[in-house]
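Visitor: I would like a close look at a single part of this protein, namely the place where its helices pack against one another. Could you go through that part slowly, and then set it in the context of the rest of the chain?

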Amino acid sequence: MDRTSPVPLYFQLAQQLESAIERGVLTPGSLLGNEIELAGRLGLSRPTVRQAIQSLVDKGLLVRRRGIGTQVVHSQVRRPLELSSLYDDLEAAGQRPATGVLRNVVTAATDRVAAALGVAEGTEVHSVERLRYAHGEPMALLTNYLPAGLLALDTPALESTGLYRLMRAAGITLHSARQTVGARAVTGIEALRLTEQPGAPVLTMERTTFDDTGRAVEYGAHIYRASRYSFEFQLLVRP
């Protein structure tokens, strides 16, 4: 750490720890020790270490455990807003994705689903509901609708890889998507599945994906834990 820098030492320490967590140097479950041990090891004051740790606790990256010390939870997933799957993004970030399939059925399209897919209300569509995990912890609740007969979607395949990978393997060329991001409070059953407190904030995303012929091939309504997840934008200055 640079003691001559105008950047506070606690902030420098917090940045270094966060970087180590994101790069996998500090893995989930790693122990940092207590504040006194850390202060002595790093040559910093205890208040400086306490402030750095608290900033990462507030971000959900660290947790304090009585009698144990400070423990790494995980890194927050930062997902770019582009046409990619959560499975691929988690895998690329070294987050060890896993999937639990909650529902995999053919059902009648509601008015909302029908409008998104460009079919008549009541038309049969394939409905899939999944829980996506990272490091064994639930991250997102994903609900997707596809035109019936578009591709085979058996549960073992859905549990082993991402939906977009299955679509590409079936010869479907994903070209573009229309997407809306929002936020709200989690409901009771959602909170239970995501291991969040009732009323906790969640991020929402609705996306309709089109193939290279302009056909709507998928509509998704997803919920992400705000404490573990964020969307990342790149903004350009208009000339």
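Guide: Helix H2 and helix H3 are roughly perpendicular to each other, because an angle from 65 to 115 degrees counts as such and theirs is about 115°. This is a predicted model, and the values that follow are computed from it. H2 covers residues 35-42, and its axis lies 9 Å from that of H3; the crossing of the two helices is right-handed. On the H2 side the contact is made by Glu35, Ile36, Leu38 and Ala39, and on the H3 side by Arg46, Val49, Arg50 and Ile53. Sorted by character, the residues of this contact comprise five that are nonpolar, three that are charged and none that is polar.

H3 also packs against helix H1, which spans residues 9-22, while H3 itself spans residues 46-58. Here the angle is about 45° and the axes are 8 Å apart, so H1 and H3 are described as oblique to each other. The crossing of H1 and H3 is, again, right-handed. H1 contributes Leu9, Tyr10, Leu13, Ala14, Leu17 and Glu18, which meet Thr48, Val49, Gln51, Ala52, Ser55 and Leu56 of H3. The residues of this contact divide into eight nonpolar, three polar and one charged. Val49 of H3 takes part in the contact with H1 and is also listed in the contact with H2.

A further residue of H3, Ile53, links this part to a strand. Ile53 belongs to the contact with H2, and it is also among the residues touched by Thr70, which is found in strand S3, residues 69-72. Thr70 has a relative accessible area of 3%, and because buried means under 20%, it counts as buried. Leaving aside residues up to four places away in sequence, Thr70 touches Ser30, Leu31, Leu32 and Gly33, then Ile53, and then Leu62, Val63 and Arg64.

For context, the protein holds eight helices and 11 strands, and 46% of its 239 residues count as buried. Of the contacts between residues at least 6 apart in sequence, 59% join residues at least 24 apart. The exposed area of the protein is about 12500 Å², of which carbon and sulfur atoms supply 53%.

Further along the chain, Leu166 offers another view of a helix residue and its surroundings. Leu166 lies in helix H7, residues 163-169, and at a relative accessible area of 17% it is buried. Beyond residues up to four places away in sequence, Leu166 touches Leu151, Leu153, Ala157, Leu158 and Thr161. One of these partners, Leu153, is 13 residues away in sequence, with a C-alpha to C-alpha distance of 8.1 Å from Leu166.

Two loop residues complete the picture. Asp154 sits in the loop between strand S7 (137-147) and helix H6 (155-160), and its relative accessibility of 40% makes it partly exposed. Its C-alpha atom is separated by 9.7 Å from that of Val105, although the two residues are 49 apart along the chain. Thr195 lies in the loop between helix H8 (188-194) and strand S9 (201-211), and its phi is near 55°, a positive value in a residue other than glycine.

How values were computed: Residues numbered from 1 in each chain as written. Predicted model: local features only at pLDDT ≥ 70, side-chain atom pairs only at ≥ 80, totals over all residues. Heavy atoms only, no water. Axes fitted to C-alpha atoms, helices over the stretch in contact; angles between N-to-C directions. Helix = DSSP H or I, 4+ residues; strand = E, 2+ residues; numbered from the N terminus. Parallel < 35°, antiparallel > 145°, perpendicular 65-115°, else oblique. Left-handed = near helix turned anticlockwise from the far one by under 90°. Contact = heavy atoms within 4.5 Å. Nonpolar A, V, L, I, M, F, W, Y, C, P; charged D, E, K, R; others polar. Buried < 20%, exposed > 50% of the residue type's maximum accessible area, 1.4 Å probe, protein only. Areas by Shrake-Rupley, 256 points an atom, 1.4 Å probe, with all protein chains shown as cover.
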